[in-house]
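Work through the exercises below with the sequence and the model open. Each task is followed by its solution in steps.

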Amino acid sequence: MVKKDCSDPNDEGEYCWSDGIQAYLIGAYFYGYALQFIPTIVAGKFGFNRVLRFSTLISAVIQCTFPAAVDVSPILAIVLQGLRGFVAGIFLSNSMACAHTWGLKTEGKMFISSVV
């Protein structure tokens, strides 16, 4: 739990962040996710497999470094959270394109629902 009032020593939580910083930290993921149309263009150029592997790797690296980034700066945490949302958009949009390309035409909806 995040402290909202730094003057109260009885508040639980490790970080003393304002409501604005907390809102940016939560919303940054979705701001990055909103840019998911860009990776589809990249996947057409480099192939779905490469883009999916790269996005999974980047997501894992961000996830591992996020706790240290939070300790360094809330701004760095916000940037990483936005990047993580962008990478999630890459994975979702490209997995849909893979399902469309590799799945059977008669079972397209079932294949896409199993991917999601």
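Four exercises follow, on the fold, one helix, the core and the aromatic rings.

The model is predicted, so local features need pLDDT of at least 70 and side-chain atom pairs count only at pLDDT 80 or more, while totals for chains, interfaces and linings use all residues. Residues are numbered from 1 along each chain as its sequence is written, and side-chain values use heavy atoms, with hydrogens and water left out.

**Exercise 1. State how many helices and strands the protein has, and their order.**

Step 1. Take the DSSP runs, numbered from the N terminus: helices are H or I with at least four residues, strands are E with at least two.
Step 2. The protein has five helices and zero strands.
Step 3. The order from the N terminus is α-α-α-α-α.

**Exercise 2. Check the length of α4 against its expected span.**

Step 1. The expected span of a helix is 1.5 Å times one less than its number of residues.
Step 2. For the 29 residues of α4 this gives 42 Å.
Step 3. The end C-alpha atoms of α4 are 41 Å apart, which agrees.
Step 4. At the N-terminal end of α4, S73 acts as a cap, with a side-chain oxygen 3.1 Å from the backbone nitrogen of I75.

**Exercise 3. Find the largest nonpolar core and place V87 in it.**

Step 1. Buried means under 20% relative accessible area, exposed over 50%, and partly exposed in between (1.4 Å probe, protein chains only).
Step 2. A nonpolar core is a set of buried Ala, Val, Leu, Ile, Met, Phe, Trp, Tyr and Cys residues joined through side-chain atoms within 4.5 Å.
Step 3. The largest such core has eleven residues, among them W17, I62, F66 and V87; α1 (19-33), α3 (48-72) and α4 (74-102) each supply at least two residues of this core.
Step 4. V87 sits in α4 and is buried because its relative accessible area is 4%.
Step 5. With contact taken as heavy atoms within 4.5 Å, and residues up to four places away in sequence not counted, V87 touches S55, I58, S59 and I62.

**Exercise 4. Classify the aromatic pairs of Y29.**

Step 1. Rings of Phe, Tyr and Trp (its six-membered ring) pair if their centres lie within 6.5 Å; planes under 30 degrees apart are stacked, over 60 edge-to-face, and the rest tilted.
Step 2. By this rule there are two aromatic pairs.
Step 3. Y29 and F30 are edge-to-face, at 5.2 Å centre to centre and 80° between the planes.
Step 4. Y29 and Y33 are stacked, at 6.3 Å and 10°.
Step 5. Y29, F30 and Y33 form one aromatic cluster; F30 is exposed at 54% relative accessible area, whereas Y29 is partly exposed at 23%.

Terms used:
A polar contact is a pair of N or O atoms within 3.5 Å; within protein, one must be able to donate a hydrogen and the other to accept it, and residues adjacent in sequence count only if both atoms are side-chain atoms.
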